[in-house]
Every structure is written in structure tokens, then in C-alpha cells.
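I opened a fresh page for this protein. I want to look up one thing at a time and write down what I find.

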Amino acid sequence: MNFSEKLRTLRKQYKFSQEQLAEKIGVSRQAITKWETDGGLPDIENLMAIAALFSISIDELLSNEKLAYTVSEYAYESTTEFDIDRLSHFDIHAPGAQEVSVTVTDDEKMRIRLASNVLQALAQNYKVKLDEHRNRLDVDIRQSEKSSEAEGKEALSIHICLPARFCSEVELSAIADVLRLDGLTCPFELSGKVRKVDIKAVQGTIALNCNTDMVIYADALPAALEINQINATSTLHIPQGSKFYTRIKGESNKVIFMQDGKPTGYQGDADAANRIELAGMNAELTVSQYDA
């Protein structure tokens, strides 16, 4: 798909009208219409806003476009690497950020990449500390007193790459606008607050302990998706035809099923291998299936 088709498809998947999308990224409805009808491409600032809103990269948005300019995703970066030589439980503590991503690689290094288009002194203002406790690795991304947590939440991206063969489990404590998970095969647990979650090629169990409203997009269901919330309303977008069974725990929790924006009578398949679980109190989850 070219950019116009991708934008239109993403907007429909997230159930936004052109007016709603325009309001969320701060442009006119006419601009959305222009972009969706091959009338031109957004500038860099608007591309970044669209990518952040839909939890995808700029490269993915523009993968089939021939540009007259080169897109540089980040102006400032700082990377820290550690050699890993044993199967480990990773316990990661991150400062406030606009985006946090966790992905796996085939090598034997853990990489923490800090990036921003605004914050310049990343290497001076953020330090990564690693503590080993037998088969547990505590990873602490520390913010200096000179840096602002508010600025980090607005302009800092944290990209965490872990060696796939040495991951037994991953725990992440974070507050971010966007959380991206890519390629994980081991159990993953989030404790914190995120607004959007993007799940790609994940096979293990994912637990999201988050008391804020979330929009979750999954290209396929992991083995289990466990959502634990109190007084929150969230939406999970999954491809049409996904097979799963649901489990509801806690008090006054509700799961609603939608397909192509309309209520459906589908309540899950008791024989399915994948599980969607809602726990906590006074929480509501909408499971929305879209035509992939």
C-alpha cells in the first residue's frame, strides 16, 4: 500500500472519522482528505504525529513512497550496550517517556537506545545501570537531576533490544504515551501507565497492569493477553477471524465484542488456544475485530 491507502486503512481500524483524525493531529479535515486521495504527503512534523498516533514508525508509513527528501527519525541519540551470556529475567525500570519499545534480536547484546528530536544531552542526562542477581538482571534507566521528567514524557523515545535466546521473562516499569512490543516469545509484564500499545509478532504471554484507558493494536493475538485495570475503559483491535476465549476476573468488569464497528454476538471459542483476560475492578474492554 502507498501512504494514502495506509492512512485510510489505519484511520478506519481505529474507528476515526476524518474530522476526528484531523483534530487529534492538529490539522484540517481537508488536509486528511488530500492525503487520503493521493493529493500529497504530510510534512515531517505531521508524519511524526501520525506515526505516534497509530503506533507505527515513519518508515512503515512511507515504505512504498519515493520522497524528495530524506526522513531522519531522530536528531539526537545515545546507545548503551551490555553483553549477555546467560538465560535471564530482565527487570527494567524506565523514566517517563513519550515512547518505549521492547524488541528482541539474534545477537548476545542488550541495547538501550535513547533518542529524541528535542533533547540534546541524552548521554549526560540519562544513565543505564545494570545489576545482576543470579539469573535476574535489574536494568535501571536513570534520569539526572538536570533533566526534566515532563520533557522526557513529551520528547524521549526509549528503544530496548534484548537477546532472544537469553530472555526467560521481561518485566517493565514505565510511564509512556506509546508502548511497542515486537517479536517477544517469553512472558512480558508491564506495570505503569501507557495510552497506546502496539503488539507485533508476539507469541508469549503479555500482562498489562495499567489503570489508564488504553488502545491496544495486535497484528495477531499472543498466547495470552492479560489486562488488569481499575476504573478504566480500553479497546483491543485484532484481525478478523482471530480465535480466542475470554476470562473475566475481579468485580464489575465487562468485555464487549465488536466487528467492523458493530456489536457482534461472538463470545469467544472455548477450544481456542489464545486467551484474552480482563481482571481488576470496574473495568471495560472492547474487543474489536477488523478486516485485515
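**Entry 1: Arg11 and its helix**

I started with Arg11, and I looked up what it touches. Leaving out residues up to four places away in sequence, Arg11 touches Phe16, Ser17, Gln18, Leu21, Glu36 and Phe54. I noted that this is a predicted model.

Where does Arg11 sit? I found Arg11 in helix α1, which covers residues 3-13. Is Arg11 buried or exposed? Its relative accessibility is 10%, and the cut-off for buried is under 20%, so Arg11 counts as buried.

I then listed the buried residues of α1. They are Phe3, Ser4, Lys6, Leu7, Leu10, Arg11 and Gln13. After α1 comes Lys15, and I read a positive phi near 65° there.

**Entry 2: Positive phi elsewhere**

I paused on that sign. Most residues other than glycine have a negative phi. I went looking for further exceptions.

Asn231 is one of them: its phi is positive, near 55°, and it is not a glycine. I traced Asn231 to the loop between β12 (224-230) and β13 (233-239). Asn231 is exposed, at 54% relative accessible area.

Asn282 also has a positive phi, about 55°, without being a glycine. Which loop holds Asn282? I found Asn282 between β17 (275-281) and β18. Its relative accessibility is 38%, so I wrote down Asn282 as partly exposed.

**Entry 3: Salt bridges**

How many salt bridges does the structure hold? I got 22. I looked up three of them.

The first I checked joins the side chains of Arg111 and Asp107, with N to O at 2.6 Å. How open are the two partners? Arg111 is partly exposed at 23% relative accessible area. Asp107 is partly exposed too, at 27%.

Next I took Lys153 and Glu149. Their closest N and O atoms are 3.8 Å apart, and the pair forms a salt bridge. The cut-off is within 4 Å, so this distance passes. Both residues lie in helix α7 (residues 149-155). They are four residues apart, about one turn of the helix. Lys153 is partly exposed at 36% relative accessibility. Glu149 is partly exposed at 41%.

Then I took Glu284 and Lys254. This salt bridge has its closest N and O atoms 3.5 Å apart. Glu284 belongs to strand β18 (residues 284-290) and Lys254 to strand β15 (residues 254-259), so the pair ties together parts 30 residues apart in sequence. Glu284 is partly exposed, with 23% relative accessible area. Lys254 is partly exposed as well, at 44%.

I also checked for shared partners. Salt bridges of that kind link Glu81, Asp83, Asp107, Lys109 and Arg111 into one network. My Arg111 and Asp107 pair appears in that list.

**Entry 4: Aromatic rings**

I counted aromatic pairs next. The structure has five. I looked at Phe244 and Phe257. Their ring centres are 6.2 Å apart and their planes meet at 20°, so the pair is stacked. The cut-off for stacked is under 30 degrees.

Where are the two rings? Phe244 is in the loop between β13 and β14 (245-248), and Phe257 is in strand β15, so this pair ties together parts 13 residues apart in sequence. Phe244 and Phe257 are both buried.

I also found an aromatic cluster. Tyr14, Phe16, Phe54 and Tyr217 form it. I had met Phe16 and Phe54 before, among the residues that Arg11 touches.

**Entry 5: The largest pocket**

Last, I searched for empty space. Rolling a probe the size of a water molecule over the atoms shows where such space is left.

How much space lies in the largest pocket? I read about 600 Å³. Its lining has 26 residues. Met48, Ala49, Ala52, Gln98 and Glu154 lie nearest the centre.

I sorted the lining by element. Those giving two or more residues are α2 (18-25), α4 (44-54), β3 (97-105), α7, β8 (167-182) and β9 (188-200). Which element gives the most? I found α4, with seven residues.

I then sorted the lining by residue type. Eleven are nonpolar, six are polar and nine are charged.

Conventions
Residues are numbered from 1 along each chain as its sequence is written. This is a predicted model: local features need pLDDT of at least 70, side-chain atom pairs count only at pLDDT 80 or more; totals for chains, interfaces and linings use all residues. Side-chain values use heavy atoms; hydrogens and water are left out. Buried means under 20% relative accessible area, exposed over 50%, partly exposed in between (1.4 Å probe, protein chains only). On a 1 Å grid over the protein atoms alone, a cavity is a set of points where a 1.4 Å probe fits but cannot get out, and a pocket is an open set with protein on both sides within 12 Å along at least five of seven lines; lining residues have an atom within 4 Å of a point. Grid points are joined across faces, edges and corners, and a volume is the space filled by probe spheres set on the points. Ala, Val, Leu, Ile, Met, Phe, Trp, Tyr, Cys and Pro count as nonpolar, Asp, Glu, Lys and Arg as charged, and the others, Gly among them, as polar. Contact means heavy atoms within 4.5 Å. Rings of Phe, Tyr and Trp (its six-membered ring) pair if their centres lie within 6.5 Å; planes under 30 degrees apart count as stacked, over 60 as edge-to-face and the rest as tilted.
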